[in-house]
Amino acid sequence: MSVSDNTNNKELNGHSNPENGQPLVLSCIDGSRYTGAVCDYAAWIAGRTGAPLKLLHNIERGNVPAVADLTGSIGLGSQEELLDELTSLEQQRARLMVQQGKLMLQAARERAEMAGVKQVISCQRHDSLSESLVELEDSIRVLVLGIRGEEHGDSEVGLGTHLETVVRALHRPILVVNQDFAEPRRIMLAFDGSEAARKALDMVASSPVFRDVTCHLVFVGGPEKAEALLAEGSAELDRAGIAVTANCLQGKTVEALVAYQREHDIDLTVMGAFSHNRLRDLLMGSITARMLLSTQRPLLLLR
């Protein structure tokens with residue numbers, strides 16, 4: 001079945017909210033090349049957790065330009081008539097963007113239902129994406145979005161305009177999709193003992209999403225620290241009934257993780273996201289951002 005909801009007055013054409021406070025999987029639909037895969041990964045998570053799936057199409061305010069100030073550029077006699085025409089054209093464009101979004105949501109909803117999701121909610125909002133997601137944060141169990149949005153076209157490089165802002169703003173698991181859907185069978189958990197890494201470990205151990213998967217628990221660094229951390233992480237995963245392989249990797253963090261991922265055909269990587277030290281990130285480059293740019297498989301981030 002499918003339903004629509006109206007979280008607040010920024011969401012358009014909604015009806016009653018059926019979630020009843022149950023955390024949901026939120027999928028960002030924007031017409032990019034990754035939209036189908038985003039929907040498929042979100043449906044996979046919703047199916048394994050039994051959570052409702054919410055499909056969000058967000059229209060950025062900046063995507064509907066204001067009427068340009070043409071004072072002095074055209075004759076006074078024709079200025080009012082031309083501005084009226086421009087206003088009408090922009091209103092029409094805004095209506096078309098809303099309609100296009102509704103069609104994308106309809107297609108995504110049908111795709112999710114075909115994948116077996118029982119409860120699908122769709123909504124459309126006018127706001128910046130990060131503001132929309134922050135308002136919805138309390139209801140989110142997992143957020144799923146593409147690594148690049150529709151503004152990047154078919155580009156294979158770079159990160160989406162809002163991706164870092166969204167990851168830094170939310171304190172919810174975020175799955176960043178960068179390929180067609182493939183059901184994860186082997187995951188890699190990058191574990192360094194940090195607070196975010198421990199959250200990731202707890203989530204993998206407790207979530208029904210990761211039942212029946214093999215987890216490669218990896219630490220990048222010296223063996224003297226690795227032994228205790230890998231033993232701790234392996235014990236928790238083992239208690240949860242998850243098959244675990246533990247490995248200490250050498251070298252630079254991103255290069256070591258990406259090489260291991262390729263060598264062992266890892267389907268999905270789980271790791272903590274962004275340090276709290278923005279100055280260090282600025283000077284040295286964030287490991288999270290470099291992983292996003294380097295990996296060819298989806299990345300599940302926790303803060």
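## One turn of helix α5

Glu195 and Lys199 sit four residues apart in helix α5 (residues 195-206), so about one helical turn separates them. In this predicted model, the two side chains form a salt bridge, with their closest N and O atoms 4.0 Å apart. Side chains of opposite charge can pair when their charged atoms come close.

How open are the two partners? Glu195 counts as exposed because its relative accessibility is 59%. Lys199, at 36% relative accessibility, counts as partly exposed.

## From α5 across to α6

Helix α5 has another charged contact to look at: the side chains of Arg198 and Glu232 meet in a salt bridge, at 2.2 Å from N to O. This one links distant parts of the chain, with Arg198 in helix α5 and Glu232 in helix α6 (residues 223-239), 34 residues apart.

Neither end of this bridge is tucked fully away: Arg198 is partly exposed at 31% relative accessibility, and Glu232 is partly exposed too, with a relative accessible area of 35%.

## Helix α1 meets helix α2

Asp40 and Arg111 make a salt bridge as well, and here the closest N and O atoms are 2.8 Å apart. Again, the pair links distant parts of the chain: Asp40 belongs to helix α1 and Arg111 to helix α2, 71 residues apart. Arg111 has 40% relative accessibility, so it counts as partly exposed.

Helix α2 (residues 76-114) also holds Ala107. At 43% relative accessibility, Ala107 counts as partly exposed. Take the C-alpha atoms of Ala107 and Cys39: they are separated by 10.0 Å, although the two residues are 68 apart along the chain.

## The salt-bridge tally

How many salt bridges are there? The count comes to ten. Not everything comes as an isolated pair, though: Arg186, Asp265, Asp267 and Arg297 are linked in a network of salt bridges.

## A lone aromatic pair

Aromatic pairs are scarcer, and the structure holds one. Its members are Tyr41 and Phe181, arranged edge-to-face, with 4.7 Å centre to centre and 75° between the planes. Tyr41 lies in helix α1 (residues 35-49), while Phe181 lies in the loop between β6 (174-177) and β7 (186-190), so the pair ties together parts that are 140 residues apart in sequence.

Are the two rings' residues buried or exposed? Tyr41 is buried, with a relative accessible area of 0%. Phe181 is partly exposed, with a relative accessible area of 31%.

## The buried side of α3

Which residues of helix α3 (residues 129-136) are buried? They are Leu129, Ser130, Ser132, Leu133 and Leu136. These residues cover an arc of only 160° around the axis, which puts them on the same side of α3.

What covers them? The list includes the strands β2 (24-28), β3 (53-59), β4 (120-126) and β5 (140-146), along with helix α4 (163-169).

Methods: Residues are numbered from 1 along each chain as its sequence is written. This is a predicted model: local features need pLDDT of at least 70, side-chain atom pairs count only at pLDDT 80 or more; totals for chains, interfaces and linings use all residues. Side-chain values use heavy atoms; hydrogens and water are left out. Helices (H or I, at least four residues) and strands (E, at least two) are DSSP runs, numbered from the N terminus. Buried means under 20% relative accessible area, exposed over 50%, partly exposed in between (1.4 Å probe, protein chains only). The arc is that of the directions from the helix axis to the C-beta atoms. Contact means heavy atoms within 4.5 Å. Rings of Phe, Tyr and Trp (its six-membered ring) pair if their centres lie within 6.5 Å; planes under 30 degrees apart count as stacked, over 60 as edge-to-face and the rest as tilted.
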